[in-house]
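Let's take a walk through a protein model together. Have a look at the picture first, then read on.

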Amino acid sequence: MASTAAGKQRIPKVAKVKNKAPAEVQITAEQLLREAKERELELLPPPPKQKITDAEELNDYKLKKRKGFEDNIRKNRTVISNWIKYAQWEESLKEVQRARSIYERALDVDHRNITLWLKYAEMEMKNRQVNHARNIWDRAITILPRVNQFWYKYTYMEEMLGNIAGCRQVFERWMEWEPEEQAWHSYINFELRYKEVDKSRIILNGKALVMVHPEVKNWIKYAHFEEKHGYIALARKVFERAVEFFGEEHISESLYVAFARFEEKQKEFERVRVIYKYALDRIPKQQAQELFKNYTVFEKRFGDRRGIEDVIVSKRRFQYEEEVKANPHNYDAWFDYLRLVESDTDADTVREVYERAIANTPPIQEKRHWRRYIYLWINYALYEELEVKDPERTRQVYQACLELIPHKKFTFAKIWLLYGQFEIRQKNLQNARRGLGTAIGKCPKNKLFKGYIELELQLREFDRCRKLYEKYLEFSPENCTTWIKFAELETILGDTERARAIFELAIGQPRLDMPEVLWKSYIDFEIEQEEYDNTRGLYKRLLQRTQHVKVWISYGQFELSIDSDDRIQRCRQIYEEANKSMQNCEEKEERLMLLESWRDFEDEFGSLANKERVWKLLPEKVKKRRKITAEDGSDAGWEEYYDYIFPEDAANQPNLKLLAMAKMWKKQGQKITAETVYDPDHDFFCTLIRVFCILFKKTNTTSVCFNLFISCNYSPKVL
């Protein structure tokens with residue numbers, strides 16, 4: 001390394017990398033590992049094998065290995081794996097006493113190590129040192145009684161040795177610690193392997209498995225145990241004890257299902273039915289789905305039709321109860337519930353459910369919230385009238401409903417009309433009229449008036465109908481349908497003057513909802529009465545108010561329909577007047593409709609001259625383009641539309657003549673003048689622009705020609 005005059009070392013500069021681009025051949029880590037494996041640079045040669053030929057070499061080998069093990073233990077006494085390896089090595093040399101000594105030393109270091117105890121005991125069992133193994137297991141279960149593995153291996157060893165009494169004694173010691181369920185079942189299975197059923201029963205009951213682990217499944221297993229060994233009465237008692245043990249506070253669905261299935265196997269069907277019903281009466285409905293399912297299957301297999309229906313109805317009833325409890329204002333659920341109880345239960349039960357349903361008044365006084373609710377009252381009243389046949393109670397239901405509705409904010413015409421119809425069915429006309437009159441006075445509505453009038457019409461009380469129509473028209477004078485119905489009533493009664501007066505009053509109203517329907521009805525009325533002069537007067541009065549094309553066409557059709565000599569001339573005259581009045585109409589489609597109707601008329605009744613005359617009045621249909629503006633005011637492009645050009649419009653627009661000349665020239669393929677630069681590749685529109693340019697050049701409007709060519713992306717060389 002170079003040094004400077006001041007004695008400081010000078011660090012050479014590292015050359016900068018000029019080319020920082022990635023190399024063409026990339027080397028991955030995988031390739032590096034593969035090359036290292038191929039070359040095996042890190043592998044060391046195996047040590048030479050050593051063969052022991054005499055006792056002295058063996059003792060040296062043992063001394064060397066023991067020294068190594070002792071050194072490892074001395075370095076870290078808490079590493080139990082070193083102790084286990086040391087002991088297993090001694091065991092491999094058949095030095096059991098030394099291995100036992102090593103295990104004991106290790107237990108002094110860590111006596112709570114489970115692996116150490118297991119290895120120690122396995123060594124003793126492997127070398128057939130049974131008493132030593134028992135000693136180790138006893139010490140292990142005394143020090144660590146909660147380690148189930150020690151108990152399992154200890155009992156297994158005793159059973160394999162045929163020491164059944166000793167094995168049972170170990171199990172007894174184990175059960176005193178109240179272990180988990182599987183330990184109890186292991187004890188039971190042990191006793192069953194040696195046909196000790198009574199002792200197994202003692203374990204289940206006397207030793208109190210069901211008390212240490214008081215779960216439903218253990219009681220069920222206990223009952224199945226008795227059933228399996230043929231003790232049916234004892235199995236039934238176990239189920240009964242379980243039901244009594246859990247009581248109604250901790251009632252379980254699975255217990256009753258198992259109890260019922262047990263009785264079903266014994267062909268005790270009445271007992272099964274009683275168990276299911278008892279459980280369904282006490283278990284909460286949302287927790288009894290499996291119970292319902294099994295009960296339904298049982299009834300389908302062993303019950304009659306009535307029993308099956310009872311099960312299904314009961315299940316649905318519980319479901320509806322839960323729904324209405326969760327949301328009392330769910331009226332659809334109430335409807336389903338009521339439909340169910342109406343088909344199956346007595347009247348008192350149905351009334352109770354109806355009273356519960358109608359008690360849930362909508363919390364907001366808005367009509368949309370009351371629409372479904374009011375049908376509960378309607379169904380209630382219909383049930384009392386049609387099913388129970390109690391008219392007095394039906395009347396009370398209707399009256400209670402009408403008192404509940406806030407009529408100042410909204411009302412329901414349907415309930416008023418149903419009440420009136422009910423009173424009519426009870427032959428109490430006065431109450432019906434009183435109720436409907438009250439409705440009209442409190443909350444007049446179109447539907448109420450119509451229903452009341454319809455009722456009086458059926459009773460043939462025409463004077464009352466007239467009064468009701470008068471009230472109706474005072475309430476809603478703009479309703480054209482009411483005027484028409486009133487006039488029709490007078491017409492049916494033969495009083496045409498009153499009908500005509502009603503129509504006159506109607507068309508004189510300042511505001512009408514459907515005036516065209518009213519005028520048409522008035523005209524049809526006069527036509528039916530064959531008052532043609534009055535009809536013409538009506539058409540003329542209507543045309544003073546509106547110049548609609550349909551009125552003109554209807555007027556013409558009316559004149560044509562009259563059986564007279566001059567009907568064709570009158571109809572043609574009306575078409576003439578209509579065409580003249582609609583020349584300045586902005587709606588060209590309406591005028592076209594009139595001319596087409598006139599053309600059809602002349603085609604059927606007119607002469608050749610009249611036909612040609614009408615044909616000349618028909619417009620020409622042309623396609624045009626116009627700009628489209630978006631909602632934000634931006635340009636949205638162009639659109640094509642069809643326009644109609646009438647002959648009088650063509651006379652006022654000289655450019656249309658030019659258009660016709662251009663079309664003719666295009667059709668004949670002739671040149672207009674020598675100045676025209678004709679290009680056969682250009683379309684008709686560009687050729688038309690050339691014609692415009694030639695004409696505009698003669699009038700010194702060259703700038704217009706230039707703009708036309710620029711807008712069509714053509715070079716203005718012809719200018």
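Here is a short tour, from the inside to the outer parts.

This is a predicted model, where local features need pLDDT of at least 70, side-chain atom pairs count only at pLDDT 80 or more, and totals for chains, interfaces and linings use all residues. Residues are numbered from 1 along each chain as its sequence is written, and side-chain values use heavy atoms, with hydrogens and water left out.

Start with the largest nonpolar core, which has 95 residues. A nonpolar core is a set of buried Ala, Val, Leu, Ile, Met, Phe, Trp, Tyr and Cys residues joined through side-chain atoms within 4.5 Å; buried means under 20% relative accessible area, with a 1.4 Å probe and protein chains only. Helix 20 (residues 367-388) gives the most to this core, with nine residues; helices here are DSSP runs of H or I with at least four residues, strands are runs of E with at least two, and both are numbered from the N terminus. L518 is among the residues with the most contacts inside the core. Leaving aside neighbours within four places in sequence, L518 is in contact (heavy atoms within 4.5 Å) with residues including W483, F503 and L512.

Now for strand 1 (residues 620-629): just one of its 10 residues is buried, so it lies largely in the open. Strand 1 runs antiparallel to strand 2 (residues 635-645), and nine bridges join them; strands pair if DSSP finds at least two bridges between them. One of the links puts V622 opposite its bridge partner D643 in strand 2. The two strands form a hairpin with five residues between them, and G633 in the turn has a positive phi of about 90°.

Definitions and conventions:
Buried means under 20% relative accessible area, exposed over 50%, partly exposed in between (1.4 Å probe, protein chains only).
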